[in-house]
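Biologist: Please take one part of this model and look at it closely. Then work outward from there, and tell me how its surroundings are put together.

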Amino acid sequence: MTAPATAVPGTASLPMYELPEVQWAADALWSGIASRLSTAGVAAAPALDRDLGLHDLWTDPALLLSQTCGNPYVRHYRDRLRLVATPCYAAPGCDGPFYRSLLVARADAPGEGLEDFRGAVCAVNDWDSLSGWVALAAALPEPPDRFFRAALVTGAHADSLAAVAAREADVAAVDCVTHALLQRHRPAALAGLRVIGRTAPAPGLPFVTRRDVGDATVDALRAALREALADPALEEVRAALLIEGIEVLDEAAYDAIPPQPASTPPAPAVRPATAPAP
């Protein structure tokens, strides 16, 4: 099926795992996708948008392709966004299109598993984050306001790890892809820390387009993603991003995401966000 030609280039963003160290790879991947979309008759922006905030990106009336965290997708944007595909990552904790959070504590902290951190302070990147909060809360044996003494809201997974290392918090849940990227590019960020557990698997951070995009354009997006992610010329790019391919899950697969916790522990401090929070 050939997608109808579009006159206005659709905007694109890949904000979820875009550490500065891998921006070059995200740019190269988008270039490969955009060129294939152009061949299919779909006009795409020549460069990724890094200026708009996440809400503005995901509600952009010209949005062609982006990536969002599963929890905001399900809770806030399902009527605005259409599922295109779910990426498959090569990171410990991933299994095809599913991923987990790694539970991280200091290497010298007493306790072997999450249950041993009752009464501790947790570091949370964002209350809306599936990997940093919702999955962690779902792993607790009781409501989070009863299990944790307090929470430190950091704004980013890397900052949550830094808070645990600095003894400002005791435990954090970190997206396993982010953890793997930090291990590769910023090993010092994981120094003195250890993994004490994993959360239940959940569908990965979906590639999405705006809700009113037609089937032919969605088919073109899926084909462009598949072809770019199989292109031998982009092997180094895929390795840098830890991405192996895509799978097309039914939207209902995301209904398995745990419900938003009804309570949160008291937060002793709030830090400004410095990065997207998957």
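Modeller: Start with L234, which is buried at a relative accessible area of 10%. The call is simple: buried means under 20%, so L234 qualifies. Bear in mind that this is a predicted model. L234 sits in a loop, between α8 (215-228) and α9 (235-241). Now look across the fold to A28. L234 and A28 stand 206 residues apart in sequence. In space, their C-alpha atoms are 7.8 Å apart.

Next, the empty space inside the protein. There are 3 cavities of 30 Å³ or more. The largest cavity holds about 110 Å³ of space. Its lining includes L14, Y17, A26, L29, Y89, F207, L241 and I243. Q67 and E18 line it as well. By class, that makes 8 nonpolar residues, 1 polar and 1 charged. The charged one is E18, because Glu counts as charged. The polar one is Q67, because Gln falls outside the nonpolar and charged lists.

E18 deserves a second look. Besides lining the largest cavity, E18 forms a salt bridge with R50. The closest N and O atoms of that pair are 2.6 Å apart. The bridge links distant parts of the chain, 32 residues apart. E18 lies in the loop between β1 (11-12) and α1 (23-39). R50 lies in the loop between α1 and α2 (54-58). How do the two partners sit, buried or exposed? E18 has 16% relative accessibility, so it counts as buried. R50 is partly exposed at 34%. In general, side chains of opposite charge can pair when their charged atoms come close.

The structure holds 15 salt bridges. Among them is R146 with E142, at 3.4 Å between the closest N and O atoms. Here again the acid is buried, with E142 at 16%. R146, at 59%, is exposed. R210 and D212 also meet in a salt bridge, at 2.9 Å from N to O. In that pair the acid is exposed, with D212 at 61%. R210 is partly exposed at 25%. A further group is joined up through shared partners: R106, D108, R167 and D170 belong to one salt-bridge network.

Rings come next. There are 5 aromatic pairs. One of them is Y73 with Y254, an edge-to-face pair. Its centres are 5.5 Å apart, with 80° between the planes. The pair ties together distant parts of the chain, 181 residues apart. Y73 belongs to helix α3 (residues 70-75). Y254 comes from the loop between β12 (243-247) and β13 (269-270). Y73 is buried, with a relative accessible area of 0%. Y254 is buried too, also at 0%. Then there is W127 with W133, whose ring centres lie 4.8 Å apart. Their planes meet at 80°, so this pair is edge-to-face. The angle decides it, because planes over 60 degrees apart count as edge-to-face. W133 is buried at 0%. W127 is partly exposed at 26%.

Loops can hold buried polar residues as well, and T199 is a case here: it is buried at 2%. T199 lies in the loop between β9 (193-198) and β10 (202-203). A polar atom of the T199 side chain lies 2.9 Å from the backbone nitrogen of S101.

Last, helix α7, which spans residues 176-185. It is mostly covered, with 7 of its 10 residues buried. Those buried residues are C176, V177, T178, H179, A180, L181 and L182. D175 caps the N-terminal end of α7. A side-chain oxygen of D175 lies 2.7 Å from the backbone nitrogen of V177. V177 is thus met twice: as a buried residue of α7, and as the backbone partner in the D175 cap.

Back to the starting point. L234 is a buried loop residue, and A28 is 7.8 Å away from it, C-alpha to C-alpha. Elsewhere, E18 combines a place in the cavity lining with a salt bridge to R50.

How values were computed: Residues are numbered from 1 along each chain as its sequence is written. This is a predicted model: local features need pLDDT of at least 70, side-chain atom pairs count only at pLDDT 80 or more; totals for chains, interfaces and linings use all residues. Side-chain values use heavy atoms; hydrogens and water are left out. Buried means under 20% relative accessible area, exposed over 50%, partly exposed in between (1.4 Å probe, protein chains only). Helices (H or I, at least four residues) and strands (E, at least two) are DSSP runs, numbered from the N terminus. A polar contact is a pair of N or O atoms within 3.5 Å; within protein, one must be able to donate a hydrogen and the other to accept it, and residues adjacent in sequence count only if both atoms are side-chain atoms. Rings of Phe, Tyr and Trp (its six-membered ring) pair if their centres lie within 6.5 Å; planes under 30 degrees apart count as stacked, over 60 as edge-to-face and the rest as tilted. On a 1 Å grid over the protein atoms alone, a cavity is a set of points where a 1.4 Å probe fits but cannot get out, and a pocket is an open set with protein on both sides within 12 Å along at least five of seven lines; lining residues have an atom within 4 Å of a point. Grid points are joined across faces, edges and corners, and a volume is the space filled by probe spheres set on the points. A salt bridge is a side-chain nitrogen of Lys or Arg within 4 Å of a carboxyl oxygen of Asp or Glu.
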